[in-house]
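Here is a short walk through one protein model, from its confidence to its core, its surface and its charged pairs. Have a look at the fold before reading on.

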Amino acid sequence: MKKVGLALLVIVLIFIALYLRNNRESNGDFLDDEFAEIENYIPKKDVLNIEVSQADVAWHLDHMLKTINQISKTVQDSNPEEYEYSFSLQQVIVHTLGMIPRGVAQSPQNVRPPRVILTDSIYIQLKEAKQHIAQLNSLNEKAYFNHPVFNTLDRDQTRRFLAIHTKHHLKIIKDILKE
């Protein structure tokens, strides 16, 4: 019985250590590689593979960029003095593992793409997203975003979420394209 208890304690401590290490994103160029990938996928925006996703590549590109831009604006407009820590088990799990399980969540209406997604719109949103991410670096660390599932995320937790969310959709695009 003591061995089982000790093993569980070790597992919990490892999970806590991983969470503490993976809870924040403070690297200044944290989405640079992902932005390059997004740009490379724009010419393939009309590809659809319903075995992977009901949405085409354009939908995922547009959604990623809308998410980055909307959340970044919210963080920029937040009042750091009003930040209050809040716990979310889902946030702990996603930030620790660095992945979002497929098919678990639905996108909020404000970050859902329109029926027709224009190539120029994707390029414009990509340019905006690069600017927003650059601006996040200079914000107060208590600037925040209220996520519908993960509760209140400070600046670096928000950056971590954006990195995980972006990689999640890039992986779906790779699967759509069978790369």
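Does glutamate 37 count as buried, partly exposed or exposed, and what is its relative accessibility? Glutamate 37 counts as partly exposed because its relative accessibility is 23%; the cut-offs are under 20% relative accessible area for buried and over 50% for exposed, with partly exposed in between (1.4 Å probe, protein chains only).

Before going further, some ground rules. This is a predicted model, where local features need pLDDT of at least 70 and side-chain atom pairs count only at pLDDT 80 or more, while totals for chains, interfaces and linings use all residues. Residues are numbered from 1 along each chain as its sequence is written, and side-chain values use heavy atoms, with hydrogens and water left out.

**Confidence**

The protein has a mean pLDDT (the predictor's confidence in each residue, from 0 to 100) of 91, and 93% of its residues reach 70 or more. Helix H3 (residues 57–77) has the highest confidence, at a mean of 98, and helix H1 (residues 2–22) the lowest, at 74. Helices here are DSSP runs of H or I with at least four residues, numbered from the N terminus.

**The core**

The largest nonpolar core has 36 residues. Such a core is a set of buried Ala, Val, Leu, Ile, Met, Phe, Trp, Tyr and Cys residues joined through side-chain atoms within 4.5 Å. Phe35, Ile38, Leu61, Ile133 and Ile173 have the most contacts inside it. Two or more residues each come from helix H2 (32–41), H3, H5 and helix H6 (155–177), with H6 giving the most, 9 residues.

Leucine 61 shows how that plays out: leaving aside residues up to four places away in sequence, it touches Ile38, Tyr41, Ile42, Lys45, Ile122 and Ile173. Contact means heavy atoms within 4.5 Å.

Then there's histidine 132, in helix H5 (residues 119–136). Histidine 132 is buried, as its relative accessible area is 10%. With the same sequence neighbours left out, histidine 132 touches Asn69, Ser72, Lys73 and Gln76.

**A nonpolar patch**

Out on the surface, Leu6, Leu9, Val10, Val12, Leu13, Ile14 and Ile16 form a nonpolar patch, with about 620 Å² of accessible area together (Shrake-Rupley method, 1.4 Å probe). Patch members have over 30% relative accessible area and no salt bridge, and nonpolar side chains are joined within 5 Å. One of them, leucine 13, lies in helix H1 and is partly exposed at 49%.

**Charged pairs**

Side chains of opposite charge can pair when their charged atoms come close. Counting a salt bridge as a side-chain nitrogen of Lys or Arg within 4 Å of a carboxyl oxygen of Asp or Glu, the whole structure has 9. Three of them, including the one made by glutamate 37, are listed here.

| Pair | N to O distance |
|---|---|
| Glutamate 37 and lysine 174 | 3.3 Å |
| Aspartate 62 and lysine 66 | 2.9 Å |
| Lysine 171 and aspartate 175 | 3.6 Å |

The glutamate 37 pair links distant parts of the chain, helix H2 and helix H6, its partners being 137 residues apart. Lysine 174 is partly exposed, at 30%.

Aspartate 62 and lysine 66 are both buried. They are separated by about one helical turn because they sit 4 residues apart in helix H3.

Lysine 171 and aspartate 175 are also 4 residues apart, in helix H6. Lysine 171 counts as partly exposed at 48%, and so does aspartate 175 at 25%. Shared salt-bridge partners join Arg102, Lys171 and Asp175 into one network.

Notes: Patches are made of residues with over 30% relative accessible area and no salt bridge: like charges are joined within 9 Å, nonpolar side chains (Val, Leu, Ile, Met, Phe, Trp, Tyr) within 5 Å.
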